[in-house]
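Here are some exercises to try with the structure on your screen. Work on each task yourself, then go through the solution step by step.

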Amino acid sequence: MKNKTLTPILLAGIFFLMLGLSFAAVPLYDIFCRVTGFGGTTQISKEAPLIVLDQKVSVRFDTNVNTLPWNFKAKTNVMDVKIGQVNRIEFEVENYGNETTYGVAAFNVSPSSFGKYYSKLGCFCFEKQALKAGEKATYIMTFYLDPEMVNDPNTKNIKDVTMSYTFFSSDYYNQSKL
C-alpha cells in the first residue's frame, strides 16, 4: 500500500521540481553567460580599468536591421583600441519609413571567448528606441577591453574582434521573450 501512495507523491514532486527548474533556466543561463562570456556575451561595467596596456586590438562594428524600415551603421567601421583604454563609438540610425517605429538592439561579440573581456560603460542596447518617420538619431556606446584578457590563454593573442549589432522591431523582440 505504501508503494501505491509513494509513487504518485514522488512523481508530483519531480513534476514540480522540473517546473521550477524550467522557470529558473532563463535567468540562470543569463547569469552564466554574463559571468563566463559564453556565446559572446559582453560585460557591463560601472568604471574604467586603472591600467592601459600598450597593446592594440582591432574592433570591427557590424550593423544589421531586422523587420524595421531603418538604416543603421557605425560612423567608424573599425577602431584600433588600446587594451584598457575607454573608447566611444557612434552609430547613426534613420527611419526611412512612413510612421513611427520602435526597435531594440541586440548584440554579440566574436570570437565568443572574448565576450567576458569586452566591457560596456554605456550602451543603447536592449533599450526600446523610437524613431519618427524620416527621423535620424545618433546612439553611442562607450566600452573598453579588459586588461585581464592578456592573462587568458584563449584571448591573449587575439588582435581582431567583431562587435555585431542587430536592431529588431520591439514587437518582434517582445514576442521572443514569451
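**Exercise 1. Find K75, decide whether K75 is buried, partly exposed or exposed, and find the side chain that K75 meets in a salt bridge.**

Step 1. Recall the classes: buried means under 20% relative accessible area, exposed means over 50%, and partly exposed lies in between (1.4 Å probe, protein chains only). K75 has a relative accessible area of 44%, so K75 is partly exposed.

Step 2. Recall the rule for a salt bridge: a side-chain nitrogen of Lys or Arg lies within 4 Å of a carboxyl oxygen of Asp or Glu. The side chain of K75 meets that of E90 in this way, at 2.8 Å from N to O.

Step 3. Place both partners. K75 sits in the loop between β3 and β4, while E90 belongs to strand β5, and the two are 15 residues apart. E90 is partly exposed too, with a relative accessible area of 22%.

Step 4. Look at the wider picture: K73, K75, R88, E90 and E92 are joined into one network by salt bridges that share partners.

A word on the source: this is a predicted model, in which local features need pLDDT of at least 70 and side-chain atom pairs count only at pLDDT 80 or more, while totals for chains, interfaces and linings use all residues. Residues are numbered from 1 along each chain as its sequence is written, and side-chain values use heavy atoms, with hydrogens and water left out.

**Exercise 2. Which parts of the chain does the salt bridge between K73 and E92 tie together?**

Step 1. Check the distance: the closest N and O atoms of K73 and E92 are 3.9 Å apart.

Step 2. Locate the partners. K73 lies in strand β3 (residues 70–74) and E92 in strand β5 (residues 87–95), so the salt bridge ties together parts that are 19 residues apart in sequence. Helices (H or I, at least four residues) and strands (E, at least two) are DSSP runs, numbered from the N terminus.

Step 3. Compare with the exposure classes: K73 is partly exposed at 41% relative accessibility, and E92 is partly exposed at 30%.

**Exercise 3. How many residues apart are R60 and D160, and which strands hold them?**

Step 1. Find the salt bridge between the side chains of R60 and D160, with 3.3 Å from N to O.

Step 2. Read off the positions: R60 is in strand β2 and D160 is in strand β10 (residues 160–169), 100 residues apart.

Step 3. Add the exposure: R60 has a relative accessible area of 35% and D160 one of 36%; both are partly exposed.

Step 4. Put the pair in context: the count of salt bridges comes to seven.

**Exercise 4. In what order do the strands of the five-stranded open sheet lie?**

Step 1. Survey the chain, which has two helices and 10 strands.

Step 2. Follow the pairing, where two strands pair if DSSP finds at least two bridges between them. The order is β4-β2-β10-β6-β8, with mixed pairing.

Step 3. Identify the edges: β4 (78–82) and β8 (129–131) each pair on one side only.

Step 4. Zoom in on one pair. Strand β2 (residues 56–66) and β4 run antiparallel and are joined by five bridges. Here K56 stands opposite K82 in β4.
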